[in-house]
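Here are my notes for you to read alongside the model. Take the points in order and keep the 3D view open while you go.

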Amino acid sequence: MLVTVIQNANKKINLGEDAIPFLQPKGVENISELGLSFSNAISELIDNSIDAKATDILIVLEKSDVQIDMFILDNGCGMDKKTLQYSLSFGGEDGDITKKQSDDIGKFHAGINIASMTLSGHTKIFTNNGLGWIENYIDIEEIKSTKCISASKKCVLPEKFTLLLD
């Protein structure tokens, strides 16, 4: 039997000592294994570039002896520190974060993180909204242990990306 009680969202609720986290440790792993295909994950990331008004999108694959790295670069509008951090969290939206349109693929604020987690255990994101480069990342093992997304920080774009952008 299942009983669902929906209460006013503005009401403060005492969760009690037996409360549990909304996203369980296995939940992070489950998100990364949702069955999103490689092509759908790439499509989600490209859609983010299009949503950011990019007119040029470059996808680069770089193979080494141990792995294949993929880089998606675009000339879209970029994000600020807080927006980048929230975009990497599950359901990431805050009062001053731009609301998604109802027809956006990422309307549930889960697109970039699910796509990234489907493709890799660790994904770095660099963005520039005209005020300088910012970076953050998604690391599945770190999220499982800390349950957090680190703060975005200012950075210098690695030279190999700068060369690709030129």
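1. Let's start with the aromatic rings. One thing to keep in mind throughout: this is a predicted model. How many aromatic pairs does the count come to? It comes to two. A quick reminder for reading them: a pair of aromatic rings is described by the distance of the centres and the angle of the planes.

2. Take phenylalanine 71 and phenylalanine 161. They form an edge-to-face pair, with 4.8 Å centre to centre and 70° between the planes. Pairs count as edge-to-face when the planes are over 60 degrees apart, so the 70° here fits that label. This pair links distant parts of the chain: phenylalanine 71 sits in strand β2 (residues 68-74) and phenylalanine 161 in helix α6 (residues 159-165), 90 residues apart. Both of these phenylalanines are buried.

3. Now the other pair, phenylalanine 126 with phenylalanine 161. These rings are tilted, at 5.6 Å centre to centre with 50° between the planes. Phenylalanine 126 belongs to strand β3 and phenylalanine 161 to helix α6, so this pair ties together parts 35 residues apart in sequence. Put together, Phe71, Phe126 and Phe161 make one aromatic cluster.

4. Are those last two rings buried or exposed? Phenylalanine 161 has a relative accessibility of 9%, so it counts as buried. Phenylalanine 126 comes out at 21% relative accessible area, so it is partly exposed. The cut-off for buried is under 20%, which is why 21% does not make it.

5. Next, have a look at the sheet. It is an open sheet of three strands, in the order β3-β4-β5, with antiparallel pairing. β3 and β5 are the edge strands, each pairing on one side only. Strand β4 (residues 133-139) is joined to β5 by two bridges, and these strands run antiparallel. If you'd like to find a bridge yourself, start at isoleucine 134: its bridge partner in β5 is lysine 154.

6. What packs on this sheet? Helix α4 does, touching β3 and β4, and its direction makes about 60° with that of β4. Seven of the nine residues of α4 (residues 111-119) are buried, so the helix is largely enclosed by the rest of the structure. The buried ones are Gly111, Ile112, Asn113, Ile114, Ala115, Ser116 and Met117.

7. Zoom in on threonine 123, which is in strand β3 (residues 122-128). With a relative accessible area of 16%, threonine 123 is buried. Leaving out residues up to four places away in sequence, threonine 123 touches Ser116, Asn136, Tyr137 and Ile138. For Ser116 there is a further detail: its backbone oxygen lies 3.5 Å from a polar atom of the threonine 123 side chain.

8. Finally, two lysines are worth a check of their backbone. Lysine 53 has a phi near 65°, a positive value in a residue other than glycine. You'll find lysine 53 in the loop between α2 (38-51) and β1 (57-63), and at 66% relative accessibility it counts as exposed.

9. Lysine 147 also has a positive phi, about 65°, although it is not a glycine. Where does lysine 147 lie? It is in the loop between α5 (140-146) and β5 (153-154). Its relative accessible area is 46%, so lysine 147 is partly exposed.

Methods
Residues numbered from 1 in each chain as written. Predicted model: local features only at pLDDT ≥ 70, side-chain atom pairs only at ≥ 80, totals over all residues. Heavy atoms only, no water. Buried < 20%, exposed > 50% of the residue type's maximum accessible area, 1.4 Å probe, protein only. Helix = DSSP H or I, 4+ residues; strand = E, 2+ residues; numbered from the N terminus. Polar contact = N/O pair within 3.5 Å; in protein donor to acceptor, adjacent residues only side chain to side chain. Contact = heavy atoms within 4.5 Å. Pairing = 2+ DSSP bridges. Axes fitted to C-alpha atoms, helices over the stretch in contact; angles between N-to-C directions. Phe/Tyr/Trp six-rings, centres within 6.5 Å; stacked < 30°, edge-to-face > 60°.
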